[in-house]
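Me: I would like to go through this protein with you, starting from its overall contacts and then turning to single elements and residues. Please reason through each answer before you settle on it.

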Amino acid sequence: MSFRAREMYKKVVRRVGGEGKLPAELMASVKNLLPDSKVVMGRAKRGIYAGRHIQFGNKVSEDGGNKSRRTWKPNVQEKRLFSYIHDRHIRVKVTTHALRCIDKAGGIDEYLLKTPYNKMDTEMGVAWKAKIEKMYSQLAQMEVGFFSPEEETKIEQGFEEARAAKREHRREARRALAKQTQLEAGNAGGDKTAEAASNVAVKS
């Protein structure tokens with residue numbers, strides 16, 4: 001394992017939750033399948049690039065054919081991708097090639113699950129892949145119960161009754177508030193009338 005792969009493994013373990021909290025076979029697969037390449041873009045560690053890197057070549061002038069070195073950077077976009085396992089949108093920097101791969105796989109979760117570790121060139125992708133595999137393994141161990149159609153109808157009816165009671169309570173609260181406002185306005189009007197009558201009596 002190269003130095004970069006060892007450092008990436010430490011970061012993945014630290015992000016996902018520690019060495020003892022993860023299944024041993026999962027971390028063994030992560031350790032064996034980490035990318036062994038040594039060269040990677042610095043900014044590629046903070047996004048999903050799907051193997052796209054800076055390309056190098058020559059710029060050739062039209063007049064004399066003079067060559068000068070230049071680079072081609074990947075087309076990187078900042079997108080909000082919805083993760084079903086996290087049930088929220090995730091803001092991440094991705095290349096347009098990675099976006100096409102994600103759409104073809106059916107979502108960010110499916111793309112991370114289908115892509116092997118040795119093809120994940122970024123630490124962010126490796127950490128997300130390990131975290132999603134951990135969450136799916138926890139979901140697989142959970143017991144799931146199903147209701148019969150009659151029970152589902154009763155549950156839905158109970159929710160509807162609760163919503164109706166809540167609406168009725170709000171309506172009653174608004175009526176009580178309006179009545180109290182009218183009473184306060186009437187009392188204020190009566191006080192003004194009594195004060196005006198007393199003023200007239202004093203003047204006369």
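Reply: Contact here means heavy atoms within 4.5 Å. Please bear in mind throughout that this is a predicted model.

Me: Among contacts with a separation of 6 or more, what share comes from residues 24 or more positions apart?
Reply: The secondary structure that these contacts link comprises six helices and five strands, and 25% of the 204 residues count as buried. Within the contacts that have a separation of 6 or more, the share supplied by residues 24 or more positions apart is 51%.

Me: Is S83 buried or exposed?
Reply: S83 lies in strand β4, which covers residues 76–83, and leaving aside its neighbours within four places in sequence, this residue is in contact with R88, I90, I108 and D109. Its side chain also makes a polar contact of 3.0 Å with the side chain of H86. Because the relative accessibility of S83 is 1% and the cut-off for burial is under 20%, S83 counts as buried.

Me: Which residues form a nonpolar patch on the surface together with Y136?
Reply: Y136 is found in helix α5, a helix of 19 residues (123–141) that reaches 27 Å from its first C-alpha to its last. Several residues of α5 are buried, including W128, I132 and K134, whereas Y136, at 33% relative accessibility, counts as partly exposed. The patch has about 240 Å² of accessible area together, and the residues that form it with Y136 are L113 and L139.

Notes:
Residues are numbered from 1 along each chain as its sequence is written. This is a predicted model: local features need pLDDT of at least 70, side-chain atom pairs count only at pLDDT 80 or more; totals for chains, interfaces and linings use all residues. Side-chain values use heavy atoms; hydrogens and water are left out. Helices (H or I, at least four residues) and strands (E, at least two) are DSSP runs, numbered from the N terminus. The expected span of a helix is 1.5 Å times one less than its number of residues. Buried means under 20% relative accessible area, exposed over 50%, partly exposed in between (1.4 Å probe, protein chains only). A polar contact is a pair of N or O atoms within 3.5 Å; within protein, one must be able to donate a hydrogen and the other to accept it, and residues adjacent in sequence count only if both atoms are side-chain atoms. Patches are made of residues with over 30% relative accessible area and no salt bridge: like charges are joined within 9 Å, nonpolar side chains (Val, Leu, Ile, Met, Phe, Trp, Tyr) within 5 Å. Accessible areas come from the Shrake-Rupley method with a 1.4 Å probe; for residues, only the protein chains shown count as cover. A salt bridge is a side-chain nitrogen of Lys or Arg within 4 Å of a carboxyl oxygen of Asp or Glu.
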